[in-house]
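Work through the following exercises with the sequence and the model side by side. Try each task before reading its solution.

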Amino acid sequence: MRERVRVPLPLLLPLLLLPPPLWGGPPGSPRSELEPEPGPLQPFDLLYASGVAAYYSEDYELAVRDLEASLRSHRRLREIRARCARHCAARRPLAPPGVGPGAELPFFRALLQRARCYRSCETQRLGGPASRHRVSEDVRSDFQRRVPYNYLQRAYIKLNQLEKAVEAAHTFFMANPEHMEMQQNIENYRTMAGVETFQLVDREAKPHLESYSAGVKHYEVDDFELAIKYFEQALREYFSEDTECRALCEGPQRFEEYEYLGYKAGLYEAIADHYMQVLVCQHECVRELATRPGRLSPIENFLPLHYDYLQFAYYRVGEYVKALECAKAYLLLHPDDEDVLDNVDYYESLLDDSIDLASIEAREDLTMFVKRHKLESELIKSAAEGLGFSYTEPNYWIRYGGRQDENRIPSGVNLEGTEIHGLSVGKKSSPKIDRDLREGGPLLYENITFVYNSEQLNGTQRVLLDNVLSEEQCRELHSVASGIMLVGDGYRGKTSPHTPNEKFEGATVLKALKFGYEGRVPLKSARLFYDISEKARKIVESYFMLNSTLYFSYTHLVCRTALSGQQDRRNDLSHPIHADNCLLDPEANECWKEPPAYTFRDYSALLYMNDDFEGGEFIFTEMDAKTVTASIKPKCGRMISFSSGGENPHGVKAVTKGQRCAVALWFTLDPLYRELERIQADEVIAILDQEQKGKHGLNINPKDEL
């Protein structure tokens, strides 16, 4: 018998910093409005705002009280909304329309009765109008990303409540697996307390995901009785979570095409528009429930996998009828799976002749679920065609395609053998690159010194070169940098996008040329920035022996400055471990090539300008984001270049003193993703060259191009 053991743990998620509060009431709000005392449910956004304000005021006891209260209020609000939706759906069913004049009135009467029931239920349980609990997108996003736990872990550590700090930190980290500083905090807390002292607890863990993981663990060690227990529990919790998810979809919707107050549609169009928003949201609950916190992609084939595991586990404990029911349930979603079809035949052959095989059907829980899912799909597709909106049905139960790996083992029964052999799963190899890998091409320019290749740097598609810039060019670039850089440039104005312990400044090539033309920096120096980045591009293209042109996708002059007074016992990174064209997921030992990653980037390079600072080493790691494979100390004229995928996770160690400056370059082989500012800079350079040669035929003022 062959079994499927597939437990991918997708993605990671975004790097979070601790932002200042931008929402909510003023710090001086009356305490009576914010305290989570008996009575009406207090709005969680006001409690959150108060907790953050208290944190920044260093009133950590008050911060903990209000932040914890905000989390309780947020959780209670979701429970109330889901309970009221279930209650009113059961008490006020929607009557189908009849025929003849006024035939639709019973339906609309039932609709109005349900609306009244829902409003009454919410008002009663909340202790006031539901409008008090409408919050901004910023706050909603913070709670989805578990940002309150970031504040909590810091506040708890200030209060010397180590166990609670560990809980809060771990809860935050589970939804933000790329936040290396939090991971280091957790390790520090555990060291302070003793490794065995605390068991890590995720306070926001989804029960159905926890039970599923427990089931898989017991299954993998052949403890099938316990595996069955946890998989069955996971299914009960899954369908309960599904009910809540669908109920919460019935809340307010955000229409992309128009503002609510400006909406002028007729009755039926308005109802159809809103209902389609709700229905698509409910249909997507399948994806929502299969996606772990902090990930963008769901666990592949998540719901069917429960039945796939169960059919084999029930077989192993001798419950062949249940094994058959689960196998048939799996086939509802994958009717052509030959392995499971073989399983069905085999299970039927094991049953007593007195059992009516036709009476054994697929599990009822999944049968009802699939029936509703298919009806929804048909309705959405029909509405899309009739109402003129775009909709593509996702493949919710995908088994093959984009994410194949050695963990995927097909289900099935080996009818020729009596022994069942477990298949071991090794560590995933590095991602494959969809092109021929070559290196060692000419460096094109004199004086450039080859230092290390991929093998010497313990990786793939890596090269380290020296003397790409002269000492004079480094000084000139550094001087230009001080005249054109803006704090937070390139990162939406965030002064410390990667760590709160450093200031980040940057500038683009086009900006340098603009400042040069305006006389704010020497034009020759601005031109140098352009020229050396083009030099780097040619070197990368030649050394890696690329068959097609390498284009710029982004060019950035960047400096990181250590902030005084914030370097004591510092244990974070200047730039956390990441990959340039995919989302690094250290837990799954994988890198998902999907948005918001810059998936079109193919090669990267860093050209260093100075070494008069402390720290700031560039490091490559394994995909676990921990095991360092190479460390490079920046210095004037040194350039590191590498392919941009998951084969090259990298980061920057903390800059603990001084300022570290470099030209960061990202390249693409796809001309569709050429850097727009670079194209404009090319045009400006061409015009400047013409002017320098005394050719004014085009009579174009380069200032207009900028």
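The exercises below concern a predicted model, and each one is followed by a worked solution.

**Exercise 1. The chain as a whole**

Describe the protein chain by its helices and strands, its buried share, its accessible surface and its contacts.

Solution. Begin with the secondary structure, where the protein chain shows 20 helices and 16 strands. Next consider burial: of the 706 residues of the protein chain, 48% count as buried. Then turn to the outside, where the accessible surface comes to about 35,000 Å², and 50% of that surface belongs to carbon and sulfur atoms. Finally, take the contacts between residues at least 6 apart in sequence; 75% of these join residues at least 24 apart.

**Exercise 2. A salt bridge between two helices**

Determine which parts of the chain the salt bridge of Glu122 and Arg81 ties together, and decide whether each of the two residues is buried or partly exposed.

Solution. First check the distance: the side chains of Glu122 and Arg81 meet with N and O 3.7 Å apart, which falls inside the cut-off of 4 Å for a salt bridge. Next locate the partners: because Glu122 belongs to helix 3 (residues 105–126) and Arg81 to helix 2 (residues 60–91), the pair ties together parts that are 41 residues apart in sequence. Last, look at accessibility, for which buried means under 20% relative accessible area. Glu122 has 8% relative accessibility and so counts as buried, whereas Arg81, with a relative accessible area of 26%, is partly exposed. The salt bridges in this model come to a count of 23.

**Exercise 3. Salt bridges within one helix**

Find how far apart in sequence the partners lie in the salt bridges of Arg527 with Asp531 and of Arg537 with Glu534.

Solution. Start with Arg527 and Asp531, whose side chains form a salt bridge at 3.2 Å, N to O. Both residues are part of helix 18 (residues 523–543), where they stand four residues apart, about one turn of the helix. As for accessibility, Arg527 is partly exposed at 24%, and Asp531 is partly exposed at 32%. Continue with Arg537 and Glu534, whose closest N and O atoms are 2.8 Å apart in their salt bridge. These two residues are three residues apart in helix 18, so about one helical turn separates them. Arg537, at 11% relative accessibility, counts as buried. Elsewhere, Asp242, Arg246, Arg372 and Glu376 are joined into one network by salt bridges that share partners.

**Exercise 4. Charge on the surface**

Name the residues that gather in a patch of negative charge on the surface.

Solution. The patch brings together Asp336, Glu338, Asp342 and Asp345. To place one of them, note that Asp345 is found in helix 14 (residues 338–350).

**Exercise 5. Two residues and their surroundings**

For Val321 and Ser644, state where each residue lies, whether it is buried or partly exposed, and which residues it touches beyond four places in sequence.

Solution. Take Val321 first, which lies in helix 13 (residues 320–333) and is partly exposed, with a relative accessible area of 32%. Val321 touches Leu351, Ile355 and Ile360. Gln311 is ten residues from Val321 in sequence, and their C-alpha atoms are 9.4 Å apart in space. Now take Ser644, which sits in the loop between strand 13 (639–643) and strand 14 (650–653). Ser644 is buried, with a relative accessible area of 1%, and its contacts are Ala579, Asp580, Asn581, Arg601, Asp602, Tyr603 and Ser604.

Key: Residues are numbered from 1 along each chain as its sequence is written. This is a predicted model: local features need pLDDT of at least 70, side-chain atom pairs count only at pLDDT 80 or more; totals for chains, interfaces and linings use all residues. Side-chain values use heavy atoms; hydrogens and water are left out. Buried means under 20% relative accessible area, exposed over 50%, partly exposed in between (1.4 Å probe, protein chains only). Patches are made of residues with over 30% relative accessible area and no salt bridge: like charges are joined within 9 Å, nonpolar side chains (Val, Leu, Ile, Met, Phe, Trp, Tyr) within 5 Å. Accessible areas come from the Shrake-Rupley method with a 1.4 Å probe; for residues, only the protein chains shown count as cover. Lys and Arg count as positive and Asp and Glu as negative; His and the chain ends are not counted. The place of a charge is taken as NZ of Lys, CZ of Arg, CG of Asp or CD of Glu. Contact means heavy atoms within 4.5 Å.
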